[in-house]
Amino acid sequence: MLPSDKPPAAPIPSPPFSISSLISSRYNPTKGKYLHLLSSVISLPSVLSLSIPASSFPLHFSLASLSLHLRLSSLSPSSLSSTIPSSRLKGASLTLPYPPLKLTLDSLRLTLDSIFAPKRATFAYSGRHTAVKYIKNYIQNPTWWFKVDIPRQHFTARHVSRLLEVLSGKIDDPQLFLFVRDLFESDLVSIELGGAELGRGFPQESTIVPTLVNIYFDRVDRELQVIREEVHKRNPRLKEEHLTGNGSTSTAFHRPVRVYAIRYLDEIFVATSGSKFLTLDIRDRILHVLEGELGLKVDKLGSSVHSAVSEKIGFMGYEFQAVPPSVLYPPMSEKAIRARKKYLKMKAAKAEELKNARETRRKKLGLKILKQLFNRMKAGESFDLGFGIEREVAEVFDEWAGETVKEYFQNLENRCYWHRLLLTGDFFGLDRIRCQLPDELVQSYDTLQEKVEQFLSPVRDIKSLEREQSRKIEEEERCYAKRTIDDLAELKIKVSAPIEQVRKAVKLAGFTNSMGRPRPIKLLIRLDDADIIKCYAGVGNRWLDFYSCCSNFKMVKTVVNYHLRFSCFLTLAEKHESTKRQAISHFTKDLRVKNKDGVDEIWFPTEREIKMMGAETRNIPDPKPVDGTLTMILVQLAVDDKEKYECVAHFCGKTDTTILYRVRLLQNRLNVDPLNEMKWVPGLGAVHESLNKKCFPLCECHATELLLGKITLQDIDCTSYVDIE
C-alpha cells in the first residue's frame with residue numbers, strides 16, 4: 001500500500017462541488033479535448049473522497065499522499081495490488097487492488113462517465129429493467145430480430161490499444177493512458193467479453209469495467225444510430241391527413257419500417273419490423289464493425305436472424321417473443337366471470353348482513369332505553385331535560401322513514417306490484433261513476449293516477465334496463481372486434497423468465513433433489529438459525545427482484561415460496577434434529593427468528609408478500625442476478641474472542657462485532673467447471689475460484705447485507721482475508 005504514509009485521524013470531508021464543472025474547466029476548445037485529467041481532476045482529494053461515505057472509519061492510508069503520487073505520476077498500480085492464490089494446485093490466481101487503488105479506480109470511473117456518458121446512445125442502457133421496460137413498451141410489431149453472439153474471449157493488448165484510441169479522441173493525457181495500460185498489464189482490470197461475469201458484482205470484475213466496455217462499444221452504437229436514421233428516413237411516418245382523405249375516417253393501418261436496438265454492456269439486440277433481407281443487411285454491418293474495427297470474434301451461427309413470432313430469443317438473462325396483445329392481456333374466461341359475479345354477490349350479501357346487524361343492535365338499544373324510561377316514569381319519576389328533543393327526534397325518524405321507502409321502491413318488483421295494485425280494478429275509472437262524484441274528488445283521483453304513473457310506472461325503468469343491457473352487449477362486441485383487429489395487426493413483446501434454467505440452478509445448488517423436491521443443505525447447518533434464513537432470503541430476494549418484470553413471474557414465485565422455503569425448513573430441522581413439522585411449528589410459515597434482544601425478525605419474504613407481488617412491483621433499474629448469492633455460502637467460524645479483526649467491508653473498520661466467515665464456492669464443492677455448460681447452468685456466472693475457503697471478518701451489519709444479497713464481494717476488501725487452515 002503506502003507504507004511510508006501516516007494515516008490521518010479521520011477523513012476530512014471536502015466541500016461540495018460539481019465534478020462536471022471541474023472536468024469542463026480542463027476542456028481545450030482549440031484541440032477539442034480534455035487536458036491532463038489525471039493530475040488535475042482524478043488525483044484531487046475532493047474527487048478521490050467522493051466514494052468514501054460520510055460515516056466511514058479512519059482510513060489506513062493518507063489521502064493527501066495518494067493524491068501527490070497520482071499528481072506526480074509516480075504511482076505504480078502493481079505496487080497497490082495483491083495476488084490471491086487459488087485453493088487448487090492448478091487453479092488460477094486473482095489480482096485485486098488495495099483500497100487506495102480502488103479509490104483511484106472509482107475516481108477514474110466518475111471522470112470517464114462525466115465525459116462519455118452524456119454522449120452515449122439512448123439505446124445503450126446501464127440497467128437491465130430499464131432496457132426491458134423499453135423493449136416491452138416501445139418495440140412495436142417486430143418481424144425479425146437477432147442477438148449478437150460474442151463467444152468468450154479475453155480483452156487482450158490489441159483491444160486495450162483500440163480502447164486508448166477511443167479515449168484519445170476526447171482526452172489528451174499521456175500519463176492517464178499509461179496508467180490505464182498498466183492496469184490491464186498487471187491484471188488489476190480484466191475484461192472477459194461474452195462470458196457470464198459482467199454486471200454481476202463478482203470480485204474479479206472491477207467497478208470501472210462497465211464504463212470501459214461502454215466506451216469500447218461506442219463505435220457499434222454510432223453505426224446502429226446511422227442504420228436507424230437511414231431506415232427511418234427511407235420509411236417516414238405519414239401524417240394523419242395523408243391517411244384520411246377529404247375529412248373521412250380511414251381504417252387503413254400504416255406501419256412504417258422501424259429498427260430497434262438495445263445494448264447492455266457487451267450484449268447487443270436488434271429487432272426490425274421490415275423484411276428478413278433488411279435484417280440480414282443490418283446484422284452484416286454490425287458484425288463488420290465488431291470484427292473489423294473492434295477486433296472481436298463473433299459467432300455468426302449464434303447471431304442468426306430469427307422470426308420474432310415463432311421463435312424465442314434470450315437476452316440479458318430473459319426470454320423474449322412477439323405475441324398478439326390477447327396473449328399478454330387475455331380476456332376473462334367464463335369461469336373467471338362466474339367467480340367474479342359470485343364474489344360480488346357474496347360481498348353484497350355480507351354488506352347487507354352487516355347492515356341488518358347494525359339495525360338490530362340499534363333497535364335493541366332503543367327498546368332497552370324506552371323500557372328503562374317507561375319503568376322510571378311509571379314509578380313516578382319525572383325528567384326535565386332542559387330542552388326539547390321533539391324536533392330532533394322527528395327529523396331522525398323522518399330520515400329513517402325516507403331511507404326505508406326509497407330503498408323499498410328502488411326494487412323494480414316492488415314498484416310493479418304497487419303500480420298494478422293502485423291502477424287496476426278501481427271503479428273511479430268508470431264514466432258513469434265519475435259524473436256522480438264531486439269534481440274535487442275526481443280531480444284528486446286523477447292527480448293520484450298521474451303521480452303513480454310518474455313515480456311508480458315500471459315502463460321507463462324496464463326500457464332503461466333494456467338499453468343498459470343492449471349497451472353492454474354492444475360494448476362487448478366492440479371490445480371483441482377491437483381485440484380481434486389488434487391481434488391481427490399488432491404484436492407485443494412477451495418477457496419470460498427461463499424457468500427451466502431456474503429449476504436447474506435450484507437443483508445444482510442443492511435446494512432440490514433429483515425428483516425436484518426440497519432437500520436440506522448440510523453445509524449450512526454450522527450457521528446460526530438467523531444466518532441460515534438469511535442465506536435462503538438472499539437467493540429468494542435476488543430472484544424476485546430480477547424476474548419481477550416477467551409475465552411468468554408466478555412460476556418464479558412458486559420456486560421461491562415452495563422450494564426455497566421448505567428447503568430452509570428441512571435445513572433447520574436437520575440442524576436441530578427435529579422433523580419438518582416441528583421446524584414449521586417453531587419458526588412459523590414466515591420463518592420468524594428471535595434476535596439477541598428476543599424480538600422476532602423476518603428475513604425471508606412472507607407468503608402474503610410473495611402472493612401480493614405482481615409484475616414490476618419492485619422498481620429496481622438494474623437488479624443484480626442471483627449468481628453471486630447462489631454459488632457462494634458463508635460459513636461462520638468459531639475463533640478465539642481475544643483476537644480482534646477489522647471488518648473488511650470498504651470503509652467500515654469495526655472490530656467489536658466482527659465474525660469470521662469462510663467462503664465456500666459451489667463449483668469447488670461440486671468439482672465442476674463453470675465453463676462446462678453440460679454440467680453447469682448456461683448463463684450462470686461464478687465467483688473466482690481463488691476466493692474458495694478464504695476467511696473474511698465481517699461486522700454483523702455487513703455480514704447480514706452480504707448474506708441477503710444487498711452487497712456483493714465487490715463491496716468488500718478481498719485482499720484483507722485471514723489465512724486460517
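**Figure 1. Leu367 and a nonpolar surface patch in the predicted model.** Leu367 sits in helix α14. The model shown here and in the other views is predicted. Together with Leu365, Ile369, Leu370 and Leu373, Leu367 makes a nonpolar surface patch. The patch covers about 470 Å². Helix α14 spans residues 334-378. Arg338 also belongs to this helix. Arg338 is exposed, because its relative accessibility is 53% and the exposed class starts over 50%. Its C-alpha atom lies 40 Å from that of Ala583. Along the chain, Arg338 and Ala583 are 245 residues apart.

**Figure 2. The largest nonpolar core.** This core has 173 residues. Which residues have the most contacts inside it? They are Phe217, Ile286, Leu290, Tyr318, Phe320, Trp543 and Tyr547. Helix α21, residues 529-546, gives the most to this core, with 10 residues. Another core lies apart from it and has 5 residues. Among them are Leu637, Leu660, Cys695 and Val722.

**Figure 3. Contacts of Leu290.** Neighbours within four places in sequence are left aside in this view. Leu290 is then in contact with Val148, Phe217, Val220 and Ile268. Its other contacts are Gly295, Leu296 and Val298. Both Leu290 and Phe217 are listed among the residues with the most contacts inside the largest nonpolar core.

**Figure 4. Helix α9 and its cover.** How many of the 8 residues of helix α9 are buried? The count is 7, and the helix is mostly covered. Helix α9 runs over residues 209-216. Its buried residues are Val209, Thr211, Leu212, Val213, Asn214, Ile215 and Tyr216. The elements that cover them include the helices α5, α7 (157-168), α8 (174-185) and α10 (218-234). The strand β10 (259-264) is also included in this cover.

**Figure 5. Helix α4 and the residue after it.** Helix α4 spans residues 63-71. Leu63, Ser65, Leu66, Ser67 and Leu70 are buried in it. Cover for these buried residues includes α2 (37-42), α3 (45-48) and α5 (99-116). Helix α5 is also included in the cover of the buried residues of α9. Ser73 follows α4 and has a positive phi, near 55 degrees.

**Figure 6. Positive phi at Met316 and Thr588.** Most residues other than glycine have a negative phi. Met316 is not a glycine, yet its phi is positive, about 60 degrees. Met316 lies in the loop between β13 (313-315) and β14 (318-323). Is Met316 buried or exposed? Met316 is buried, because its relative accessible area is 4%, under the 20% limit. Thr588 has a positive phi of about 65 degrees and is not a glycine either. The loop that holds Thr588 runs between α23 (580-587) and β16 (592-594). Thr588 is partly exposed, at 29% relative accessibility.

**Figure 7. Salt bridges.** The whole structure has 25 salt bridges. One joins the side chains of Arg283 and Asp284, at 3.1 Å from N to O. Arg283 is buried, with a relative accessible area of 15%. Asp284 is partly exposed, at 40%. Another salt bridge pairs Asp590 with Arg592, at 3.8 Å from N to O. Arg592 is partly exposed, with a relative accessible area of 33%. Lys594 and Asp600 form a further salt bridge, with their closest N and O atoms 3.0 Å apart. Lys594 is exposed, at 55% relative accessibility. Asp600 is partly exposed, at 41% relative accessible area. A network of salt bridges links Arg219, Glu223, Glu230, Arg285 and Glu293.

**Figure 8. Cysteines without a disulfide.** The disulfide count is 0. Why does Cys701 have no bond to Cys699? The sulfur of Cys699 is the closest cysteine sulfur to that of Cys701, but it is 5.5 Å away. A disulfide needs the two sulfur atoms within 2.5 Å, so this pair is too far apart for a bond. Cys701 is partly exposed, at 41% relative accessibility. Cys416 is also partly exposed, at 22% relative accessibility.

Technical notes
Residues numbered from 1 in each chain as written. Predicted model: local features only at pLDDT ≥ 70, side-chain atom pairs only at ≥ 80, totals over all residues. Heavy atoms only, no water. Buried < 20%, exposed > 50% of the residue type's maximum accessible area, 1.4 Å probe, protein only. Helix = DSSP H or I, 4+ residues; strand = E, 2+ residues; numbered from the N terminus. Patch = residues over 30% accessible without salt bridge, like charges linked within 9 Å, V, L, I, M, F, W, Y side chains within 5 Å. Areas by Shrake-Rupley, 256 points an atom, 1.4 Å probe, with all protein chains shown as cover. Salt bridge = Lys/Arg side-chain N within 4 Å of Asp/Glu carboxyl O. Core = buried A, V, L, I, M, F, W, Y, C linked by side-chain atoms within 4.5 Å. Contact = heavy atoms within 4.5 Å.
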